[in-house]
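Here are a few short exercises to help you find your way around a new structure. Keep the 3D view open and try each task before reading its solution.

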Amino acid sequence: MSPKLSPLILAASLLVTLTSFGQEKPAVPRDLPVDRIAVDGGELRGLIYGVSARGEVWFACRKVWLKKAYPELAARLEKEQEEREWDLRTDYIRRLAQWDKSLESSPENRPLKDFIDQEISRMDPGLGTEKPASRGPFILVKLDAAQARKLVRAKPEHLRLALTGWKEEVEKLEEQPAAATIAELKKDGIQWDKESPDFSSRMPGMPVETESDWELRKAFLGFARGRQLRFQGTGETIFETPEGGGVGAGAGLGLDQILGKLGPGILNGALGELLGEAGQGRQDNQRAAVEAAKVADQKKIRQFRLTRVQPDLVRRQVVVEDTLHAKLPGPNGLAWKQIHREEIQADAAIARPQTEARIQQDPRAGPMLAQLRQVGLGEKLDEAVRFGAATLEAQQQAEAGFQAALKRYTARVDGPPIRWLAPAVGKAP
């Protein structure tokens, strides 16, 4: 499987499917690996960064090329971007200050409030004389829906080529056919089709698109930077794990914790079904989420993470469902919503010798397994241990996926709308 694409790739790939965009026959030079559009004062060549809720298109153009090809156009667009960034920074300062005011002054909220203070200082347009728009290599241009219909699109398969060309600073990328850029990269030993460049950190700031997107941003930042409440369990049974704090919380969840609380429950359930006892089968997470929300309300925490494991003895699979929930404003006031979900499946029929050995040697699970082996349940226990190994593997994958998503959504307060990065977030559970 190829690496995950950057937000720029995702947004551009999504837009390819929109039928409202014309597919005009490109002029010479043919087969450019970038999108292009004629505007007053010249032609923009670059890539689509994203599409607003109103259908406006944000178009990213490499500054060094634009200044060389159309210096007057570049100067005008850079000035427009500079003015826009002053405005958005002022707006972010206002929003951050309001958020800070809404948080109680308590030791538990101190890390989050410190983070907000740092962001306010970073956003302050009065600090220093450096123009904000001059800091990055790109100019963002907002095209209205009517303009966007005149876009001439590059071939979808060349999108990664253009991004890699930008990364490697191919000078004539916007002027030469794709084949010439491919040859140039190949000469330098670069496999462009295996690259996944991400320019999100080097893009100009983006204004808040909608109030709901801002609330989502705060929810992800609140979990990443503030008090963390996490639950794990199986079926409708859940337990609260110790608060870790920080983006990496939960990444170090030890084998003793998994097997000491969650693991034995799964192991016992698996043993029960393997020994002929009736099992409950896979269950929905709604009741578990409701119980977790009650605890969050008592603790006055507006986000929680819920990781549930579901062993499927019939299909010999383990399913780990990892979700993040937040209390967000809505038509009827604050309400809990699921804002992130990932499901990992692991084949419990596959042998995992190293992980199975860890389970056998675990100080909590090991003695229980040894006792049961003495009464002749060895074969059944081996199968149960295999389920435990599959559970650990799936849990590790879920943890890695969650941390990657959290990093993506919280990398910048003024980053692209979360809707661009994850269109499914914010839906009700």
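**Exercise 1.** Decide whether Lys167 is buried, partly exposed or exposed, then find its salt-bridge partner.

*Solution.* Step 1: in this predicted model, Lys167 has a relative accessibility of 43%. Step 2: partly exposed covers the range between 20% and 50%, so Lys167 counts as partly exposed. Step 3: its salt-bridge partner is Glu195, with the closest N and O atoms 2.8 Å apart. Step 4: Lys167 sits in helix 6 and Glu195 in the loop between helix 7 and helix 8, so the pair ties together parts that are 28 residues apart in sequence.

**Exercise 2.** Work out which parts of the chain are tied together by the salt bridge of Glu174 and Arg62.

*Solution.* Step 1: the two side chains meet at 2.8 Å, N to O. Step 2: Arg62 belongs to strand 3, while Glu174 lies in the loop between helix 6 and helix 7, so parts 112 residues apart in sequence are tied together. Step 3: check the surroundings, and you will find both Glu174 and Arg62 buried.

**Exercise 3.** Describe the lining of the largest pocket.

*Solution.* Step 1: start with the volume of the largest pocket, about 530 Å³. Step 2: 23 residues line this pocket, and among the closest to its centre are Leu103 and Lys300. Step 3: sort the lining by class, which gives seven nonpolar, seven polar and nine charged residues. Step 4: look for the largest share, and you will arrive at helix 8 with four residues.

Definitions and conventions
Residues numbered from 1 in each chain as written. Predicted model: local features only at pLDDT ≥ 70, side-chain atom pairs only at ≥ 80, totals over all residues. Heavy atoms only, no water. 1 Å grid on protein atoms, 1.4 Å probe; cavity = no way out; pocket = protein on both sides within 12 Å on 5 of 7 lines; lining within 4 Å. Points joined across faces, edges and corners; volume = space filled by probe spheres on them. Helix = DSSP H or I, 4+ residues; strand = E, 2+ residues; numbered from the N terminus. Nonpolar A, V, L, I, M, F, W, Y, C, P; charged D, E, K, R; others polar. Salt bridge = Lys/Arg side-chain N within 4 Å of Asp/Glu carboxyl O. Buried < 20%, exposed > 50% of the residue type's maximum accessible area, 1.4 Å probe, protein only.
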